[in-house]
Each structure stands twice: as C-alpha cells, then as structure tokens.
Amino acid sequence: MDKLRNYDVSFSGLKTGKHQFKFEIDKTFFQLFDTEQEFTNPKISVDVLLDKHTTFLEFEIKIDGIVELVCDITNDSFDHPIENEIKVLVKFGEEYDDSEEDVITIPTSDHAFNVAQLIYENVALSIPMKKVSPNISDEDLEILEKFSPKETEEEEEPQSDPRWEALKKLKDKN
C-alpha cells in the first residue's frame, strides 16, 4: 500500500473550493495491483478535480490516453485511445465504506484520500469488451465470415410430452 501513497490527494490544508491534481500513469502503476490487465503499454494522463466543501468532498477523475490492445480477430496489437470520466462524492463518517456506487465514506480522522483504485477502475471501464483493430482488412473479415457458424432458419417445433397432454385433457374436462 506504501507505493499507492503517491496517489493520495491531501485535502486537510486546502481551502474550500476547487483544486486540481495531475497524474501520469504507465505500466508501473498497474503493477501495483495484483490483477491481469487486458492491455499493455498504457500512457495515460489523469486529471483529478477536487471540489472541497465544509462537510464533504467531490472528486471528478478524467482519464485520457492510449493503451495497446490485441485484436480479437487478427491477434495483432494496436493502439487504442481511451477517455473516461467518473464522479465520486466523499463524505466523512465512522469508518471507511464504499458500498454505495457514487459515495465513499472515509473516517473523520483522515487527512488525505487515495485515488489509485478510482483511477484503476476508470481505466478498466474504458477498455472495450470487443477489441477490433482499426487496421483489420476486408480479407480478414471475409475469412472470419467463411468460418463463422451459420444460423439455420428452420427451427424444430418442440415435441410435447404426452404426460402434459394427458394433464391438459383433464383440465379441459373441468
């Protein structure tokens, strides 16, 4: 957790109002987390806007950069631009609680808020589910279509169970 301290936003000495922080993220940032990423070579700029109020904090975290993805179709690497923004409200309470989606509670005694997890999640949410290279050729798409499973238009009617038919007859009699 010590290496994540670089991503602490200290708010205790700040005046009420807006304050801006900037972070540059690369692969060393993601190595601090024990998870496997779907991308390589991240070059990401993070802008953190803190709006300090007397009883709570508002964070707006914007990411903008490039990551290298592997195309699902051709298996070639390509650069993919990412851009995303999340807003989080931080309030003070007894203990740390992040069970609400857009509201995080931190202990009243804290003097800084660590934004590393929020940055990580923001980047992860920016990665597309389907990774298709912009350099994919028509030839690759034709090969993919050729070997894709074909849909059959004829659908078999489900065979009815004779036991259900007997029950329906009993129901119709009543």
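A salt bridge here is a side-chain nitrogen of Lys or Arg within 4 Å of a carboxyl oxygen of Asp or Glu. K22 and D47 form one, with their closest N and O atoms 2.8 Å apart. K22 lies in strand 2 (residues 17-25) and D47 in strand 3, so this pair ties together parts that are 25 residues apart in sequence. Strands (E, at least two residues) and helices (H or I, at least four residues) are DSSP runs, numbered from the N terminus.

Before we go on, please keep in mind that this is a predicted model, in which local features need pLDDT of at least 70 and side-chain atom pairs count only at pLDDT 80 or more, while totals for chains, interfaces and linings use all residues. Residues are numbered from 1 along each chain as its sequence is written, and side-chain values use heavy atoms, leaving out hydrogens and water.

## Salt bridges

How many salt bridges are there by this rule? The count comes to 5. Three pairs are set out here, with the N to O distance for each.

| Positive residue | Negative residue | N to O distance |
|---|---|---|
| R5 | D8 | 3.4 Å |
| K22 | D47 | 2.8 Å |
| K131 | E38 | 2.8 Å |

K131 sits in the loop between helix 2 and helix 3 (138-147), and E38 in the loop between helix 1 (27-30) and strand 3, so their bridge ties together parts that are 93 residues apart in sequence.

Are the partners buried or exposed? For such words, buried means under 20% relative accessible area, exposed means over 50%, and partly exposed is in between (1.4 Å probe, protein chains only). K131 is buried, with a relative accessible area of 9%, whereas E38 is exposed at 51%. In the pair from strands 2 and 3, K22 is exposed at 54% and D47 is partly exposed at 24%. For the remaining pair in the table, R5 is partly exposed at 45%, and D8 is partly exposed at 24%.

There is also a network of salt bridges, which links E60, K62 and K87.

## Strands and hairpins

Next come the strands, where two count as paired if DSSP finds at least two bridges between them. Strand 3 (residues 40-52) and strand 4 (residues 56-70) run antiparallel to each other, with 11 bridges between them. A hairpin of 3 residues connects the two. If you would like a landmark in this pairing, look for I44, which stands opposite G65 in strand 4.

Strand 4 also pairs with strand 5 (residues 77-93), again in the antiparallel sense, and here there are 15 bridges. In this pairing, I66 faces P81 of strand 5. The hairpin of strand 4 and strand 5 has 6 residues between the strands, and N75 takes a positive phi near 70° there.

## Asparagines to look at

Most residues other than glycine have a negative phi. N75 has a positive value although it is a residue other than glycine. N75 is found in the loop between strand 4 and strand 5, and it counts as exposed, at 60% relative accessibility.

N41 is not a glycine either, yet its phi is positive, at about 50°. N41 belongs to strand 3 and is partly exposed, at 39% relative accessibility.

Another asparagine, N122, is placed in helix 2. With 0% relative accessibility, N122 counts as buried. The C-alpha atoms of N122 and P42 are separated by 13 Å, and these residues are 80 apart along the chain.

## Surface patches

Patches are made of residues with over 30% relative accessible area and no salt bridge, where like charges are joined within 9 Å and nonpolar side chains (Val, Leu, Ile, Met, Phe, Trp, Tyr) within 5 Å. Accessible areas come from the Shrake-Rupley method with a 1.4 Å probe.

Which residues gather in a patch of negative charge on the surface? They are E94, E95, D97, D98, E100 and E121. Asp and Glu count as negative, and Lys and Arg as positive, with His and the chain ends not counted. The place of a charge is taken as CG of Asp, CD of Glu, NZ of Lys or CZ of Arg. E121 belongs to helix 2 (residues 116-126) and is partly exposed, at 37% relative accessibility.

A nonpolar patch of about 350 Å² is made on the surface by W164, L167 and L170. Of these, L167 lies in helix 4 (residues 162-173), and its relative accessibility of 46% counts as partly exposed.
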